[in-house]
Amino acid sequence: MSSDSPPSDLTSTLPTESGEQTSKIQICLKAQAGAIQIILPKEAETPVTTGWIDLWEQLQVRLQGGDRFWSPQAPVHLVAQDRLLDSRQLKEIADAVQSVELNLQKVITHRRQTAIAAASAGYSVEQTTNRPTLLPDNGEKLPQVLADPLYLQLTVRSGVEISHPGTAIVLGDVNPGGSVVAAGDILVWGRLRGIAHAGAKGNSNCRIMALEMQPTQLRIAGYVARAPQKQLTYYVPEVAYVTTEGIRISKASEFLRNQL
């Protein structure tokens, strides 16, 4: 690579015995928005003879070889696409990027299992969908189709963001500095003390529920609310929802009674 080549979109492959196979298993490193993206090849497009060891070796070559166009401790966003990764593989990737002074912070994936493994390991997660956006004959958008609910049994710690294109259910706390963003509802079976954004794609009918509602900020679609300054002496399960006056918080028992 020449010294004046732009480092914003770089791709390399590990040599293999088959040139045809090599062209299909490319790992890409890309600088974008202040972070380094590591883009893994789609599993659906990877030859069945290519295993995790092949990808792991290619990643090592890609990180250790060539010009290092990143700053020390730059954040890394791993774009896993449809690839299924477990906690061991995520740790191996994190160790590899740490060896070249990078810091794995976020995992972007289509797979719920990978999202759960990444969130459980303490990384920010953005679960995307690979479903195509369809348009009916008249050109209008079809009703929004949500992904299956995401269940997480963990504490969302400060600096971690969970993003999911459906309903997100957290069996644990959301700490200050942590955030949960969902296209559907958000249920926190614990203390909500961070940020929660339900209906992130514009659905104001979505709701946020928590056993203890102590949020830094609540958002439903385009509506925003902050927690009251006064601290309560005790908490009960509550639901946040949108009314004509904005976001309102009610006791869960009263909310359910009004829905009947």
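Is Cys28 buried or exposed? At 13% relative accessibility, Cys28 counts as buried, where buried means under 20% relative accessible area, exposed means over 50%, and partly exposed is what lies in between (1.4 Å probe, protein chains only).

## What we're looking at

This is a predicted model, so a few ground rules apply: local features need pLDDT of at least 70, side-chain atom pairs count only at pLDDT 80 or more, and totals for chains, interfaces and linings use all residues. Residues are numbered from 1 along each chain as its sequence is written, and side-chain values use heavy atoms, with hydrogens and water left out.

The protein has five helices and 17 strands; helices (H or I, at least four residues) and strands (E, at least two) are DSSP runs, numbered from the N terminus. Of its 260 residues, 42% count as buried. About 14,400 Å² of the protein is exposed, and carbon and sulfur atoms supply 49% of that; these areas come from the Shrake-Rupley method with a 1.4 Å probe, and for residues only the protein chains shown count as cover. Take the contacts between residues at least 6 apart in sequence: 40% of them join residues at least 24 apart, a contact being heavy atoms within 4.5 Å.

## Cysteines

Back to the opening residue. Cys206 is buried too, with a relative accessible area of 5%. As for disulfides, a search of the whole structure finds zero, with a disulfide taken as a pair of cysteine sulfur atoms within 2.5 Å.

Right beside Cys28 in the numbering sits Ile27, which belongs to strand β2 (residues 27-32). Ile27 is buried, with a relative accessible area of 1%. Ile27 also brings us to the next helix: Ile27 and Trp56 are 29 residues apart in sequence and 9.8 Å apart in space, C-alpha to C-alpha.

## Helix α2 and its buried side

Helix α2 (residues 52-64) has the length you'd hope for. At 1.5 Å a residue, its 13 residues should span 18 Å, and the end C-alpha atoms are indeed 18 Å apart; the expected span is 1.5 Å times one less than the number of residues. Buried in α2 are Trp52, Leu55, Trp56, Gln58, Leu59, Arg62 and Leu63. They cover an arc of only 165° around the axis, which puts them on the same side of α2; the arc is that of the directions from the helix axis to the C-beta atoms. As a reminder, an α-helix has 3.6 residues a turn, so residues three or four places apart point the same way.

Gln89, in helix α3 (residues 87-98), ties in here. Its relative accessible area is 10%, so Gln89 is buried. Leaving aside residues up to four places away in sequence, Gln89 touches Trp52 and Leu84.

## Aromatic pairs

How many aromatic pairs are there? The count comes to three, with rings of Phe, Tyr and Trp (its six-membered ring) pairing if their centres lie within 6.5 Å; planes under 30 degrees apart count as stacked, over 60 as edge-to-face and the rest as tilted. The rings of Trp52 and Trp56 have their centres 6.5 Å apart and their planes at 25°, so this pair is stacked. Being four residues apart in helix α2, Trp52 and Trp56 are separated by about one helical turn. Trp52 itself is buried, with a relative accessible area of 17%.

Another pair is tilted: the rings of Tyr241 and Phe255 have centres 4.9 Å apart and planes at 45°. This pair links distant parts of the chain, with Tyr241 in strand β16 (residues 238-243) and Phe255 in helix α5 (residues 252-259), 14 residues apart. Both Tyr241 and Phe255 are buried.

## Helix α4

In helix α4 (residues 112-120), the buried residues are Thr114, Ala115, Ala117, Ala118 and Ala119. They pack against several elements, among them β6 (124-127), β7 (147-152) and β8 (161-164). After α4 comes Gly122, with a positive phi near 95°.

## Positive phi without glycine

Gln81 has a positive phi of about 55° although it is not a glycine. Gln81 lies in strand β4 (residues 74-81) and counts as buried at 17% relative accessibility.

Glu101 is another non-glycine with a positive phi, about 65°. Glu101 is in the loop between α3 and β5 (102-109), and at 42% relative accessibility Glu101 counts as partly exposed.
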